[in-house]
Structures are given as C-alpha cells and as structure tokens.
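Reader: Hi, I'm new to reading structures, and I'd like to go through one with you slowly. Could you put it up so that we can start?

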Amino acid sequence: MQDAVAYIRSKTGRQPRIAVVLGSGLGAFADELSDRIEVPYAGIPGWPASTAIGHAGKLVFGKLDSLDVAVMAGRSHLYEGYTQAQVTLGVRVLHQLGVRSMVFTNAAGGINLSYSQGSLVLISDHINLQGSNPLLGPNDDSVGPRFPDMSEAYSAAYRETAHQVAAQLGIALSDGVYAALTGPSYETPAEIRYLRTIGADLVGMSTVPEVIVANYLGMRALAISCVTNIAAGVLPQKINHEEVLETGRGVRDTLVRFLKALLPKL
Ligand code: HPA
C-alpha cells in the first residue's frame, strides 16, 4: 500500500478530505471536476485494474468550486477474482492520503417493491452475505480496532444531510438496506424472496467491504444505490448487464446534480 501512496503523492500534492467511488455506468461525475489530475489505476503499484464493463479505471483529483475531491472512477469486485484486501485497497490508500469522508455509489437490484428502475436509494444499513470480511487476519491495533462497531456504518448525520439536499433539489431519494453477495451470477428468484424476508431492500456485488474498511479506519461513509433493475423474479423478464449500464446512464445527470450539491455539505 505504501508504494501506491508514494506513487500517487508523486503525481499530485492535493489533499482532499472527501472521496467518491463511482459504480457501474455511473462514471460521469468525474468529468464534472475542474483542475483535474487523472491517475490511471494501471500505473499505481498494487492497484487492481477494474475489468468490469462500464467501469473506468482511474483515480481523479479535482475541484468542485473550491472543494478538493478525489474520485475513484471504477472499482474492483470480488467476482473479478480480487481479494478482500484488493477491493478495499483504494479506501485504505485514500485514508492515507488524508481522506476522512467516503461517498460510495453503486448499481443495485431493487428488492423493495416500492422502488422503480432508476430510483436513487440511500443505503441505511447493510447485510454482508459475501462469506468473508476485509478485516480477516491479524490486526494492527494502531490502524483500527480488532472488533470495529458497525451500528452506524452509514453516517446518520450524512444521511440526514443527503435527504435535505435531495429535497431541496426535488430529487426523490428512498432509504434501504443493501445486501451484498459476491456475484457474478445474478440472484435466483428464490434468493430474492429470501433476501426480502431477511430485510434487504437492495442487492448488489460491491460496496460492503469498502464500507467496513472505511468504518474500521474511522472514516464517515455514505452510500447511494441506483436501482438499475428490479431484482430477479419480480418481473417476468431476465436481468442483463447492458440494462444495468443503460439505467445507470439514464440517472447520470440526476446523480451528478445530487453529488455536486451534496459534497460541499458533508
Ligand atoms: N443483483 C445484483 N447486483 C446487481 C443487480 C442485481 O439485480 N443489479 C445491479 N447490480
């Protein structure tokens, strides 16, 4: 990790306190920043390349008016074969660079029947069904606690601010519990019924490892899902990745508007 930090420091002296991670089809926000310095993942030592279609692969430093922001345009996933350590490297590196607030975005399947395709949902809590945890293994107590509390993994203060900003902009924003699976196969209808029964409103294949590590490191986290499709078995139709990307592109402008207004308030 130190090599990655040193490499990025050699490219920019910027010290943003806030960073955004952009999920499938949601990469447009990075283009909104001014004074951009782009650091392609491919050049960063140890940084996993994002191989998923719809994911750019670069770290972008820039400004929203006077606010310094870092953006991870594209993330890596467990389903690509990456380890928990690899999929959370970005969060650890950003923390080392001085980031203390993380805003995650992702594409998710909508389990809650009140959601529609294209809905934006603030994640209120999560259920980790990935069968592993990024904090497994020896712990360095100087970095974070062995048994980190997760009772407010998604900052209540940030969520309140997000709702206020959304209301001001006239953007509909629901709340929901996100269940993380590894994928890459989409869920079966029976799995979706199970997830609904255990209290999940959304399902996806990312974000939870990153949020666990962000909390472990004492960072504040906020996460926004874009409901790119209604979950399996709800409608008499199949799910495909192209649809997921297309819906992501459809909400792009709304999400950009939302993030631009929200970040300065966090
Ligand atoms: N399931 C899991 N992950 C997803 C989905 C889904 O339906 N849509 C977007 N990411």
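Author: Before we look at single residues, one cut-off will help: a residue counts as buried under 20% relative accessible area, as exposed over 50%, and as partly exposed in between. Please also keep in mind that this is a predicted model.

Reader: Okay, so is Val234 buried, exposed or partly exposed?

Author: Val234 has a relative accessible area of 30%, and because that value falls between the two cut-offs, this residue counts as partly exposed. Its place is in the loop between E9 and H7.

Reader: What does Val234 form on the surface with Leu113 and Leu235?

Author: Together, Leu113, Val234 and Leu235 make up a nonpolar patch on the surface, and their joint accessible area is about 250 Å².

Reader: And where does Gly233 sit?

Author: Gly233 is in the loop that runs between strand E9 (220-230) and helix H7 (241-250). With a relative accessible area of 51%, Gly233 is exposed, since the cut-off for that word is over 50%. Its C-alpha atom is separated by 30 Å from that of Ala28, a residue 205 positions away along the chain.

Reader: Let's go inside. Which residues touch the most other members of the largest nonpolar core?

Author: That core has 43 residues, and the ones touching the most other members are Trp47, Leu59, Met102 and Phe104. Helix H6 (residues 208-216) contributes the largest share of this core, six residues. Apart from it lies another core, of 32 residues, which includes Leu122, Ile224, Leu255 and Leu263.

Reader: Why would nonpolar side chains be buried together?

Author: As a general tendency, nonpolar side chains in soluble globular proteins are buried together.

Reader: Back to Trp47, what does it touch?

Author: If we leave out residues up to four places away in sequence, Trp47 touches Ile8, Tyr41, Leu59, Met72, Leu89, Gly90 and Val93.

Reader: Leu255 came up in the other core. Which residues of helix H8 are buried?

Author: In helix H8 (residues 252-262), the buried residues are Leu255, Val256, Phe258, Leu259 and Leu262. They cover an arc of only 165° around the axis, so they lie on the same side of H8.

Reader: New topic, charges. How many salt bridges are there in the whole structure?

Author: A search of the whole structure finds five salt bridges. One of them is formed by Glu32 and Lys260, whose closest N and O atoms are 2.9 Å apart. Glu32 belongs to the loop between strand E1 (18-22) and strand E2 (34-40), while Lys260 belongs to helix H8, so this pair ties together parts that are 228 residues apart in sequence.

Reader: Are those two buried or partly exposed?

Author: Glu32 counts as partly exposed, at 34% relative accessibility, and Lys260 is likewise partly exposed, with a relative accessible area of 36%.

Reader: And which residues does Glu38 pair with?

Author: Glu38 meets Arg36 in a salt bridge with an N to O distance of 3.3 Å, and Glu38 also forms a salt bridge with Lys58, where the closest N and O atoms are 3.3 Å apart. The pair of Glu38 in strand E2 and Lys58 in strand E3 (residues 58-64) links distant parts of the chain, 20 residues apart. Through these shared partners, Arg36, Glu38 and Lys58 are joined into one network.

Reader: How accessible is Glu38?

Author: Glu38 counts as partly exposed, with a relative accessibility of 38%, and Lys58 is partly exposed as well, with a relative accessible area of 21%.

Notes
Residues numbered from 1 in each chain as written. Predicted model: local features only at pLDDT ≥ 70, side-chain atom pairs only at ≥ 80, totals over all residues. Heavy atoms only, no water. Helix = DSSP H or I, 4+ residues; strand = E, 2+ residues; numbered from the N terminus. Buried < 20%, exposed > 50% of the residue type's maximum accessible area, 1.4 Å probe, protein only. Core = buried A, V, L, I, M, F, W, Y, C linked by side-chain atoms within 4.5 Å. Contact = heavy atoms within 4.5 Å. Patch = residues over 30% accessible without salt bridge, like charges linked within 9 Å, V, L, I, M, F, W, Y side chains within 5 Å. Areas by Shrake-Rupley, 256 points an atom, 1.4 Å probe, with all protein chains shown as cover. Salt bridge = Lys/Arg side-chain N within 4 Å of Asp/Glu carboxyl O. Arc of directions from axis to C-beta.
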